[in-house]
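The following note sets out several points on the fold and interior of the structure shown below. They are numbered so that each can be checked against the coordinates.

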Amino acid sequence: MSPKSRLYSLVHAWKNKPFHELRDVQGTHTLNAVHETQDPGSNANWSKRQTVSYEPIFNAAGNSMPAALFRPLLSASDSQVLRLTMEGLDAASYWHCCNRPIQIVLPLSPDIVANAQRIDALCDLILNSRLPVGLVHVGITAIPPEAIRANCKEGLLRLRRIGVLLHLMNASPQSIQPQWLEEIKLDGIHFSIQELRSDDIAEASQQAKLLDALAMARTLGAALYATGITLIKDLENARLLPVDFCYGGLMMSPVSRHQILHISDSRIAKAIFAVKPHGSPNQNGDKQ
């Protein structure tokens, strides 16, 4: 037998070798037993990565998805923040390695931002992730009380110095303050579009204050993010403002980090925005 034919015979025999012989080496004799003897830690990590933790953020027209909000941090305790931040940064690294440079928005409470030790650790995590500048965003979930405002400002500015973009979540007319925006130079303002749903005259004054505050934020260079998009009316209001980015149940519900890779647009939002508004009839009943 020639060397080539001998090699072919060996490869052919190895390829057709029954799989149970490999299991016999480990002392297991059934396929189910093999799965049960796998490392339980790897299974736990795999299922953790499939949790629906990432809420897609779309542009106003719904035809592209530049970012995702990491929702577990919205309700994280102090002891969970670093672990969850690592998970969010790991997801951003995963997307970047898959040629999808999707921004990750990490919401943090004012107490966390005011804690110098937590900021030290967060800066180390972000720098060690080696993500490009512009992919990591941090959103402070509320305007800090006066007692910790100076510490919060210092924490946010430290994050900015390492290339992190800064956002204000849950914005209201009271929280959008010119002095605060000028000092911190926030990159994004997130507000609930649901506050503009009502046509009640009693709420018109509050809505006007919110619109004025958002207009001021835009003039200072902040992008507007409309949250809570769940009705078509919400999208219509977003188009009238206009806002820069939208997210909510109507756009798309939270998904896993792997599913994020397969999202390119919000089809519902695209369909709604593609419908051209009909001209309003004049006094003769003709469309203008």
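1. A cavity here is a set of grid points where a 1.4 Å probe fits but cannot get out. The model is predicted, and the count by this rule comes to one cavity of 30 Å³ or more. The volume of the largest cavity is about 30 Å³.

2. Which residues line the largest cavity? The lining consists of T85, L106, L108, L122, I126 and V138. Two elements, β3 (103-108) and α7 (116-129), each give two or more residues to this lining. By class, the lining residues divide into five nonpolar, one polar and no charged.

3. The overall strand arrangement is a barrel: eight strands close in the order β1-β2-β3-β4-β5-β6-β7-β8, and the pairing is mixed. Strands of a sheet pair through backbone hydrogen bonds, either parallel or antiparallel.

4. Strand β4 (residues 136-140) deserves particular attention. Is this strand largely enclosed or open, and why? Five of its five residues are buried, so β4 is largely enclosed by the rest of the structure. In a regular strand the side chains alternate between the two faces of the sheet. Both faces of β4 are covered, with V136, V138 and I140 buried on one side and H137 and G139 buried on the other. V138 is also one of the residues that line the largest cavity.

5. The neighbours of β4 can be traced through H137. β3 and β4 pair in the parallel sense over five bridges, and V105 has H137 as its bridge partner in β4. On the β5 side, β4 pairs with strand β5 (residues 165-168), again in the parallel sense, over four bridges; there the bridge partner of H137 is L165. The connection from β4 to β5 involves helix α8 (residues 149-161), and the three elements make a right-handed β-α-β unit.

6. Elsewhere in the barrel, strand β6 (residues 188-192) and strand β7 (residues 223-227) pair in the parallel sense over five bridges. Within this pair, I189 stands opposite L224 in β7.

7. Helix α5 (residues 81-97) has 17 residues, which at 1.5 Å a residue should span 24 Å; its end C-alpha atoms are 24 Å apart, in agreement with that expectation. The buried residues of α5 are V81, L84, T85, E87, G88, L89, A91, A92, S93 and W95. Of these, T85 also belongs to the lining of the largest cavity. The helix is followed by N99, whose phi is positive, near 60°.

Conventions
Residues are numbered from 1 along each chain as its sequence is written. This is a predicted model: local features need pLDDT of at least 70, side-chain atom pairs count only at pLDDT 80 or more; totals for chains, interfaces and linings use all residues. Side-chain values use heavy atoms; hydrogens and water are left out. On a 1 Å grid over the protein atoms alone, a cavity is a set of points where a 1.4 Å probe fits but cannot get out, and a pocket is an open set with protein on both sides within 12 Å along at least five of seven lines; lining residues have an atom within 4 Å of a point. Grid points are joined across faces, edges and corners, and a volume is the space filled by probe spheres set on the points. Ala, Val, Leu, Ile, Met, Phe, Trp, Tyr, Cys and Pro count as nonpolar, Asp, Glu, Lys and Arg as charged, and the others, Gly among them, as polar. Two strands pair if DSSP finds at least two bridges between them. The expected span of a helix is 1.5 Å times one less than its number of residues. Buried means under 20% relative accessible area, exposed over 50%, partly exposed in between (1.4 Å probe, protein chains only). A crossover is right-handed if, with the strands pointing away from the viewer, the path from the first strand over the helix to the second runs clockwise.
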